[in-house]
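Me: I want to go through the empty space and the packing in this model. Show me the sequence and the structure.

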Amino acid sequence: MSSALIIIDMQNDFCCVGALAVKDGEKIIEPINGAQEEFDTIILTQDWHPKEHSSFASNNSAEVYSNIEMDYGPQILWPDHCIKGSVGANFHKNLNTNNSDLILRKGCNPKIDSYSAFFENDKNTTTGLEGYLVKKEIKRLYLCGLAFDYCVFYSALNGVNLGFDMFVFQDLTKAIDLNKSEEIAKKRMIEKGINLFNFI
């Protein structure tokens, strides 16, 4: 059975002193590079937001991490991050990107946020990833990257709902952990039959 490694959002703004830094996010880069050696197909996702993105608190005159209601449901408001073409949106310099078969950019629509590698947050607009994987006859997916409780979580959830066998390398991801989001994400993934285990 063919498999692929999907590396989620290993970008400057999610690492170290980035605009939306995930604690210790940069510490998983080296082991992620090592994991790439085990896979023939490697996919990178990249947050790629326009400056006017509706999920930015600054564009809503609201507090960072507050919630608002969008046409597609509740939305957390984030600090401005991963603005397309910016240094913050670039992949971290230590991430090996030479082996990637596909770079999938998400969050490009200013009106809809996009956590998942498969769907935007309206749960309807697709990214094209499913079709790519089906064409390559890839059934088993291994996820790593940032952040465990948002983009990794929603990618895993959508993947298993689409019929893929989903695995998450717990030691190759880090969480933002807003309001116990890490605990909630872990519980839901286990309930959905998503396999959580360590690469190392």
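Me: What is the volume of the second largest pocket?
Reply: This is a predicted model: local features need pLDDT of at least 70, side-chain atom pairs count only at pLDDT 80 or more, and totals for chains, interfaces and linings use all residues. Residues are numbered from 1 along each chain as its sequence is written, and side-chain values use heavy atoms, without hydrogens and water. On a 1 Å grid over the protein atoms alone, a pocket is an open set of points with protein on both sides within 12 Å along at least five of seven lines, a cavity is a set where a 1.4 Å probe fits but cannot get out, and lining residues have an atom within 4 Å of a point. With points joined across faces, edges and corners, and volume taken as the space filled by probe spheres set on them, the second largest pocket comes to about 190 Å³.

Me: Which elements each supply at least two residues of the lining of the second largest pocket?
Reply: The lining includes D149, Y150, F153 and Y154, and also I184, A185 and R188. Elements are DSSP runs numbered from the N terminus: helices (H or I, at least four residues) and strands (E, at least two). The two suppliers are α3 and α4 (181-191).

Me: Which element gives the most to the lining of the largest pocket?
Reply: The largest pocket has a volume of about 420 Å³. Of its 18 lining residues, P74, Y115, N121, K123 and Y154 are closest to the centre. Two elements give two or more residues, β4 (73-76) and α3 (148-161). The top contributor, with five residues, is α3.

Me: How many cavities of 30 Å³ or more does a search of the whole structure find, and what is the volume of the largest cavity?
Reply: The search finds one. The largest cavity has 16 lining residues, with F14, L20, D47, Y150 and C151 nearest its centre. Its volume is about 130 Å³.

Me: Which element gives the largest share of the largest nonpolar core?
Reply: A nonpolar core is a set of buried Ala, Val, Leu, Ile, Met, Phe, Trp, Tyr and Cys residues joined through side-chain atoms within 4.5 Å, where buried means under 20% relative accessible area (1.4 Å probe, protein chains only). Of the 57 residues here, L5, I7, M10, L141, V168 and M189 touch the most other members. The largest share, seven residues, comes from α3.

Me: Which residues does M189 touch, not counting those up to four places away in sequence?
Reply: Contact means heavy atoms within 4.5 Å. M189 is among the core members that touch the most others. Its partners are F148, F153, A156, V168, I194 and L196.

Methods
Buried < 20%, exposed > 50% of the residue type's maximum accessible area, 1.4 Å probe, protein only.
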